Amino acid sequence: MCRWAAYRGTPIPLEQIVSAPGHSLIEQSHHATQAKTATNGDGFGIAWYGEHREPGLYRDVLPAWSDCNLKSLARQIRSPLFLAHVRASTGGATSRDNCHPFVYGNWSFMHNGQIAGFEKIRRPMEAALSDRLYQARHGTTDSELLFLLAIEFGLQTDPAAAFAEAIRFALAESARAGVRELVRFTAAFSDGQALHAIRYSNDAFAPTLYSAPTCNNQGHCLVSEPFKDTDTKWHEIPAGSIVTLTKGGISSARFSPVQAEAVKVAEVA
C-alpha cells in the first residue's frame, strides 16, 4: 500500500508537505505507521499546478528518501495545489510509467489501494477505453486504468459519478470473471482548480484518509497518514466519502458506488 499527501491553498514550497514536517511524506516512505508495510520504496512522484493549465510532473523509481533531486525541487517549487505520492507496489513493475501521480490533460490523480484479481479483468477494463484514452495508457497498474476509466465515464463534468462508475465496472467484471469482488480505493485527484479525495472500499478495510488546515491556515491538506505537528488537528475522513477543496473551503458527501445503477457497465459490456 502507498502513502500520499495533497495540498490546496496559498502557494507554498512543496517541502512544507513533502519533507519538512515531522513524519513527512519522505519519512513515511521508509517508516509508515498506518499501512500494511512500513516501507514505500517503489518510486515516488509529484504533480503540481503553476503557470500552465497542465500540471508539472516529476516521477522516478528511486525510493523518495534517497533522491536528492526531490528534496531540492521541493525546496524551490511553490504551488497552490499539488499531489505527492510514495509507492509500495501491489502490482505492476517498478517503472516510471507506473509511479503516481498520473496526468491526463489538466487532470492529475494518485491512489492507494487495489483491485483484487486485477490481471484477470485487466483486458475487459482496457477494452472499455476509447482509442484516445487507450493510447494514453503508458503503465500497467490498476490505478492508472481506474483513472482513465473515470475520464471515459465523465470525470470532467461529474467526478464523483465518474469514479463511482469506474469502480462499479471493475466490480462487475470481477463478478463476470468469477474472481474476488474487491476494490479498495483512497485517491486524490484535481483539475487544477478543485482538489478531490475519495475514501472507499466494498469491504470493511478502506485505506486511511485524513484532512486538516495546515501551514498556519494558509491551506488545507489531505493525507494517507497524519504528520506529527502538535498545532495541526487532523480529522479522519469516514469510509464511503468524497471530499472537495475549493476556494470556498471544504465540503464532503457520501460516496456509494454499489448503490447506484451501473448504466455504463451495461452499455460497455
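Reader: Why is Cys99 called buried?

Author: Happy to explain: buried means under 20% relative accessible area, exposed over 50%, and partly exposed in between, with a 1.4 Å probe and protein chains only. Cys99 has a relative accessible area of 0%, so Cys99 is buried. A word on the source: this is a predicted model, where local features need pLDDT of at least 70, side-chain atom pairs count only at pLDDT 80 or more, and totals for chains, interfaces and linings use all residues. Residues are numbered from 1 along each chain as its sequence is written, and side-chain values use heavy atoms, leaving out hydrogens and water.

Reader: What makes Cys68 count as exposed?

Author: Its relative accessibility of 62% is over the 50% mark, so Cys68 counts as exposed.

Reader: Why is the contact between Arg122 and Glu119 called a salt bridge?

Author: The term asks for a side-chain nitrogen of Lys or Arg within 4 Å of a carboxyl oxygen of Asp or Glu. The closest N and O atoms of Arg122 and Glu119 are 3.8 Å apart, so the pair qualifies.

Reader: How do you know whether Arg122 is buried, partly exposed or exposed?

Author: Arg122 has a relative accessible area of 22%, which lies between the two cut-offs, so Arg122 is partly exposed. Its partner Glu119, at 57%, counts as exposed.

Reader: What makes Glu236 and Arg199 a salt bridge?

Author: Their N to O distance is 3.1 Å, within the 4 Å limit, so the name fits. Arg199 counts as buried at 9% relative accessibility, whereas Glu236 is partly exposed at 39%.
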